[in-house]
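Biologist: Please take one helix in this protein and walk me through it closely. I would like to know which residues it hides and what it packs against.

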Amino acid sequence: MSRIADTFCRVPNMLKSKSSIFCFFTALILPHSRLLASEDDRVTLRMLNWNTYLLPHGVDDEFGYKQERASLIADKMFEFASKYDILTLQEAYQSSKRQFEILQAATRAGFRDIAYGPLSELTKLQPVDSGLLILSKHRILDVEKRLFPRSPGKEGFITKGVVYARIYHPPSNRFVHVFNTHPVATFMNTPAVDLTKTVRGKQLTATANFIKDMANKYQFDPTDPIILGGSLNVDARGAIHEKEYEEMMHIFSSITNRDARDVIHDLLDDHPITWQYWEPEIEHRRDHPNGPPVDPPQCSDYIILFDTDDPKRYYEAIEADVEYMNVDESYRLPFSRLSDNNGLSTTISLTVKPTQHVIRNT
C-alpha cells in the first residue's frame, strides 16, 4: 500500500464527514501550494536591478572608496528586503571580502538563495569573476551559466557571461525565470569603439540564445514570466547608440520568439539616466587632464520582460522607477552616491496559477 493510501486509511474516526476527509487529504498531499485559485487572483513581484560599481582590486583603487561603499550597501540589504523579492546585481566581484560582507547581510535580511554568475577562469587567464549575482527571497530551484567569448582590452580579464535562476514564487504558484548579464562596455573616443560594439552584439546574441536554450531545457510554461536584468552597456539616450538599442531589442525578440519589452521605457516613457561618472572619478580626471575624455550620462541598464504570445495576460509590469542610491549627507563622505549607476525597479502583477500539480516551497 502506498504511503498516501496508508495514511488516508488511518484517518482518525473523528474525521468521518466527506468535507473533513477532503480537507485532511488535500492538506496532506498539497503542502505549501495554492489550491484551486481563481485566475482572477493577482499578486505582485518586486525586483531591483543595480550595477554596484564594486570593481576588483587594482581598478580605480585611488578613488573608488570600495570598502566604504560595500559596507553601506550591506547596510541597505534590510531596506531592500522590505521592498523587493529579487535583486539582480552587477559588478559585485568576488575578488575581495566586500562581496562576502554584502551577501552575509543579504542572507540575514531575508534573501534566502543566491545564484552566482560565471566564476573566474584561471586557465583562460581570466582571473576576475563575472560579478553577477541573483538574490532571491524565494527558493531558487535551478541555476545555469554560460560563458561569453573573451572580451577585448582590459575587460578580457573578466569572465563575462550570463546566469539564470529558476525561482519558485509561492504567492503566484509560478516559476519566475530570471537572467542577469553584463556585456563588454564601450569607452567613447577610443580606438576600440567599433570592436567593442561588435563583441557586445555577439554577447547579447549569446544571451538571447541562452534564454531560448533554458526555455527548451526546462520547458517554460508560456504563462510564467521571463525577466532579464542587466547592465547591458547599450546607451539608449545617445544618438551613436540609437541603432544599437534597436538592434538589441530585435535580437531579444527574434531569437527568444517573445516580445521583449523595455519595462522602464514602456512605463516611464523615457530612457532615464542610469549611469554617469562618479564624483570622485570626475575630480580624479580633472587632476589628470591628459587622460581619456569624460563620457556623457547614459541609459545603459535595463529590465527586460519577455511577453507571452498567449492572448490572456498572465503577468504584466505595472510599475517602474529609477532608484537613486544616494548617501546620507550626515555621513560627511567624499561621495554622494553609492555607485556610478542608478538602480532600476519594477513591480510585476501575476495571476495566481491554479494548482494542477504539487509544487513544494522547500
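Modeller: Here is a close look at helix H3 and its neighbours, set against the whole chain. This is a predicted model, where local features need pLDDT of at least 70 and side-chain atom pairs count only at pLDDT 80 or more, while totals for chains, interfaces and linings use all residues. Residues are numbered from 1 along each chain as its sequence is written, and side-chain values use heavy atoms, with hydrogens and water left out.

Start with the setting. The protein chain has nine helices and twelve strands. Helices (H or I, at least four residues) and strands (E, at least two) are DSSP runs, numbered from the N terminus. Of the 362 residues in the chain, 54% are buried. Buried means under 20% relative accessible area, exposed means over 50%, and partly exposed lies in between (1.4 Å probe, protein chains only).

Now the helix. H3 covers residues 66–75. Its buried residues are Lys66, Arg69, Ala70, Leu72, Ile73 and Ala74. An α-helix has 3.6 residues a turn, so residues three or four places apart point the same way.

What do the buried residues of H3 pack against? They meet strand E1 (42–54), helix H4 (77–83) and helix H5 (97–109). Contact here means heavy atoms within 4.5 Å.

Look at H5 more closely. The axes of H3 and H5 come within 8 Å and cross at roughly 10°. Axes are lines fitted to C-alpha atoms, for helices over the stretch in contact, and angles run from 0 to 180 degrees between N-to-C directions. H3 and H5 are therefore roughly parallel to each other. Angles under 35 degrees count as roughly parallel, over 145 as roughly antiparallel, 65 to 115 as roughly perpendicular and the rest as oblique.

Which residues meet? On the H3 side they are Lys66, Gln67, Ala70, Ser71, Ile73 and Ala74. On the H5 side they are Lys97, Arg98, Glu101, Ile102 and Ala105. The residues of this contact divide into five nonpolar, two polar and four charged. Ala, Val, Leu, Ile, Met, Phe, Trp, Tyr, Cys and Pro count as nonpolar; Asp, Glu, Lys and Arg count as charged; the others, Gly among them, count as polar.

Lys66, Ala70, Ile73 and Ala74 appear among the buried residues of H3, and these residues also take part in the contact with H5.
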